[in-house]
Every structure is written in C-alpha cells, then in structure tokens.
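The following note is offered to a colleague who is meeting this structure for the first time. Please read it with the sequence and the model in view.

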Amino acid sequence: MERPRLIREDGLRHDGRRPDELRPIRVSIGVLNKASGSALVEYGRTKVLAAVHGPREIPQRHMLLPDRAIIRCRYHMLSFSTHERKSPAPSRREIELSKVVREAIEPVVMSEVFPRTAIDVFVEVINADGGTRTAAVTAASLALADAGVPMRDLVVAVAVGKVGGVLVLDIDEVEDMYGEADMPVAVAPSIGLMTLLQLNGVLTREEFREALKLALKGATQIYEKAREALRDRYMKVKVEE
Amino acid sequence: MSHTPSPAVITPRLKANTIANMLKRGVRSSGRTLTDYRPTDIVVGYVQNADGSALVRLGNTVVVAGVKLEVGSPYPDAPSEGALVVNAEFMPTASPTFEPGPPDENAIELARVIDRALRELKVVDMSKLAIVPGRKVWVVYVDIYVLDHDGNLVDASSIATLTALLNTTLPKVEVDELGNVRVDRSVRVSPLPINNKVVTVTVARTENVLFVDPDLDEESVVETKLVIAVSDDGRIAGIQKSGSGGLAEAEVLAALDIALKTGVNLIKTVESKVSEAASGHSTSTLN
C-alpha cells in the first residue's frame, strides 16, 4: 500500500479531521447481562468491549493478597478484528498490553476495600482501527464503574500522534502506520494523574510537552462523554406509568 | 492474563519504611543522591562466539546481551531491508523468584520497549543489510539475558544491547550463481551499520519523590516507573510508564529532564568503552 497523504493541503487530516479533533466517540454502559459491569466504547471504527467480573473469590488462592483485591486483566483481539487474521494464540503485543491496561486502571481502583478477592477485567477488541489500547482503558474503567467497584476517578485514554510533522489527536490506524510517532496517554482527570504513558517514536522535549497538552485536552472531552454515559445509565429516574 | 503481582521478594516492612522515609528526605539507602546513577561496568565482546556482545554490571545487576546474525528472508513490505528481533529472558540465576520457562509479561515488556526504541530511532541501518535484495537479508537477533537482579533491569539491558550492537561485525558472505548464500564467520568484513544510539533511563517515583536507577530494595517501595529512551542527540525515543501507580504532568516533565541528562552521558560511557575495546583488550570478567 502506498503511503497516503496524512496532512492535506487544507491542513486537515486524511479523514477530514482537524489536528486537534477526536473521532466520533460512542459510549454504552451495561451492555452485557451476566457480567458485574460492562461497557462498549467506540473511537470511530475502533470498537472495544470490556467486562468486569467480581470482586470475587478465585480458585488460584495463592495469587490473592491479604490487604487488597488483585486486578486481573486480559487485553484480547478477536481474530477478525484486524485486516490480516489475528492468530487466536496470545501475541507478545497482547501480553504487554494486558499489563499496560491493568496498570492504567489499577491506580484508581480502591482495591483495599476487597481484600483476598480478584477483580477480573476482560477487554475484547471487536474492530481495530487504531487506538485500541486507549479505547480499552476507557472501556475498562467504565465497566468497573458499572460493576460498582469503588474508584478514585474514572480513567480515560487517547493517543496523540505526529504525522507529516504535525501533532494530531486520536490517531487512527493509517496515521499510526505511516506516522512518525504514537503516544497513548491515560488520565484520571479529577485527581490529575497519568496512569498510562507510552511513546512509540521520536520527539523532542518541546514536541513531547505539546503532545501531552493535546492528549490532556482530548482526554477531557472523552471524560465528559464517559460521565454523561454514566449519568444516562444511572441518574435518570425511570417513572413507571 | 496480567494480574497484580505479589511482592516478589518480601522486604521486611521496617526496611521498606526506612527506605521510603529516607527517600522522602531526599536520601537513599545506598548513599546515592536522587539523580545518581549506579556505576556501570561494561565488558565489550564478552561472548566470543556471538557476532557482538556485552556484559553489563549496573551496581549488582548483571545482564549479558548478544547479537547473532542469520541469513533470512526479508519482510514483504521491506524487501531490501534487514530485520531485527529482540528477546529477553529473566534467568533463574538472577533471582529466587525467576522461574525457568517462556518469558513472562515483564520480560516481554522489557524486550518490546528496547525493540521499539531501536526501531523508531533506526539504530541499526536496515537498508544496508540486504544480501540478495528481495530474497536474502541479515536478520539481527538481539538476545538479552538477565543474570543477576538488583533492580533496574531495563536500563542494564538497554546498555548491554547498545554495546553489543556497536560491537557487532558482519561476517563475510558469498553468493553463488544460484543465489545460495554461504557465510564465513571466521572473516569479518565490516561493523554492523549503526545510524544512531539509544539507551533507556528509568526514573522511579515513591510518594512524591523522583529518583533515577532504582535498586532492588528501592523497587520494593516503588509504585510507578517511567522508562525513557534517550537518543545520543538528546531526543526522546520512547517512553513506557510501568507499575501500578500514576504520575502528575509536572512529574513526567521532571523525570524527562533527569533522563535526558543521564541518558546522553550513559551513551558517551558506552561509546568510550567500545572504542577502548576496539583499540586494546577488555580484561574484565563476570567476577
């Protein structure tokens, strides 16, 4: 495939977005019946489902901790979620991302409330178009909230990229593949904590500062969407006629 | 599935509290300042049968990295470029908590962080590694073995990797009329083509204190680490937050400044060790 033009002559991106514009974000909460909590998060064509089971007891008791719950997390891609079929065996990328996603949600979960239990977070990438780990973090934190797990804040995530020399928000797969840098960031905005930060690419210190600023701006918008979705799910009192 | 780790080595609470309280006052159990890096001892070309290798001692952490070059097929999307494969193993020799078996998530993360930094900065010049363009190229295997674990395995591994790559030489190859490639490892024709240099610098956070290069005792009280890949020209070539905590924006920027300063110096250390070894003989051994 030929390298597409990532920044058009009019300064817009290959899909018509402004550099600081998110893809359409959609959030649905409580989409599953049997899970303690669940959320479906879409960043454009990227579609990620998260389910939480627990806090619960598990047979692998040696893993449990006496002073808090453990969090177990699996980031997993469906075999048909990508252009080329993904082998169902766990890849090195999935193993790393399971850790990265767990460590992104762990700082906000009040695990000390449930000692000797496990909180299981399953993330399923249904369709991948860039930004699956960031959508995964947003979905996981909403599923935890939906499960009623006490949390210090929600975590939302978004990636900033450098494409064609321009810093852009919420990069998709094309921009990730042909761009110069990809920097996923997860934030707990109300407590001012960054819980995931990766950089794949080369940036100067100044570029990094700006990229971080852009990511925090995008995260604030996603945070609003996430809170709105939670309010829609739980704050509206349904009156039966 | 990734799960919250149990404390790997149980550090007595009294000791952990002491380390944490000292850090809060800006003092470290080892006597180092917050921005002091442990002394790094580098043995260039430690493994004679490797195409390039290095043994790195970072304090009491010991890592050996080796490069093996193999003739392989190129990737279809880059037919005239070589390929790079990075793998890391935490050996059972390094810690009573390391088990034999396939790499766990920590070893995979370590290898992938170093792999990304090498790739993004184009440390190895892949365009010069074609043997028969489109058919045969050099595949550069970097294998990292952690032999002794006293904290900050990522940095020790990245220093060992850079040194091993700088120590790597290409063997002589002959291509016959049928396109078959014969490698003669007894004759070395040129050094592995290198564009840029990179190492990682790990900055740890406990309470609200940032400090560089945590040792194993310190890691027992560290919640969050920021691994920052630094290039020889002082750019950021990769970042990975690791651990189950978070960082404020100001802390990230402060960590970056520590890393950039430390990283550029580390690369200079590696360079001088490599040129020293090229001109004379490196005599250090594991002990």
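The points below take up the contact between the chains, the sheets with their helices, and the nonpolar core.

1. Status of the model. The structure discussed here is a predicted model. The remarks that follow should be read accordingly.

2. The contact between the chains. Chain A contributes 34 residues to the contact and chain B contributes 32 residues. On the side of chain A that touches chain B, at least two residues each come from strand S4 (70-77), helix H1 (92-105), strand S9 (193-201) and helix H4 (205-234) of chain A. S9(A) gives the largest share of that side, with nine residues. By character, the residues on this side of chain A comprise 17 nonpolar, seven polar and 10 charged.

3. The six-stranded sheet. An open sheet of six strands, with mixed pairing, runs in the order S1(A)-S2(A)-S3(A)-S5(A)-S4(A)-S1(B). Its edge strands are strand S1 (25-29) of chain A and S1 of chain B, each of which pairs on one side only. At one edge, S1(A) and strand S2 (residues 37-43) of chain A run antiparallel and are joined by five bridges. Within this pair, A:Ser28 has A:Leu40 in S2(A) as its bridge partner. At the other edge, S4(A) pairs with strand S1 (residues 2-3) of chain B in the antiparallel sense, over two bridges. There, A:Cys73 stands opposite B:Ser2 of S1(B).

4. Helix H1 of chain A. H1(A) packs on the six-stranded sheet. The helix touches S4 and strand S5 (118-127) of chain A as well as S1 of chain B, and its direction makes about 135° with that of S4(A). Is this helix enclosed by the rest of the structure or not, and why? Of the 14 residues of H1(A), 11 are buried, so the helix is largely enclosed by the rest of the structure. Among the buried residues are the charged A:Glu96, A:Lys99, A:Arg102 and A:Glu103, and A:Ile95, A:Leu97, A:Val100 and A:Val101 are also included. The length of the helix can be checked as well: at 1.5 Å a residue, its 14 residues should span 20 Å, and its end C-alpha atoms are 20 Å apart, which agrees.

5. The eight-stranded sheet. A second open sheet has eight strands with antiparallel pairing, in the order S7(A)-S6(A)-S8(A)-S9(A)-S13(B)-S12(B)-S10(B)-S11(B). The edge strands here are strand S7 (166-169) of chain A and strand S11 (209-212) of chain B, each pairing on one side only. From one strand to the next, the twist averages 20°. Strand S8 (residues 181-188) of chain A and S9(A) run antiparallel, joined by six bridges; in S9(A), A:Leu197 is the bridge partner of A:Val185.

6. Helices of chain B on this sheet. Helix H2 (residues 105-120) of chain B lies across S9 of chain A together with strand S10 (198-206), strand S12 (224-231) and strand S13 (236-242) of chain B, at about 165° to S13(B). Helix H5 (residues 249-279) of chain B lies across S9 of chain A and across S10, S11, S12 and S13 of chain B, running at about 140° to S10(B).

7. The nonpolar core. The largest nonpolar core has 160 residues, and those with the most contacts inside it are A:Ala50, A:Ala139, A:Val185 and B:Ile228. H4(A) supplies the largest share of this core, 10 residues. Leaving aside residues up to four places away in sequence, A:Ala50 touches several residues, including A:Ala39, A:Val121, A:Phe122, A:Ala136 and A:Ala139.

Definitions and conventions. Residues numbered from 1 in each chain as written. Chains lettered and ligands numbered in written order. Predicted model: local features only at pLDDT ≥ 70, side-chain atom pairs only at ≥ 80, totals over all residues. Contact = placed C-beta atoms within 7 Å. Helix = DSSP H or I, 4+ residues; strand = E, 2+ residues; numbered from the N terminus. Pairing = 2+ DSSP bridges. Axes fitted to C-alpha atoms, helices over the stretch in contact; angles between N-to-C directions. Core = buried A, V, L, I, M, F, W, Y, C linked by C-beta atoms within 7 Å. Buried ≥ 20, exposed ≤ 12 C-beta atoms within 10 Å, placed from the backbone. Expected span 1.5 Å × (residues − 1).
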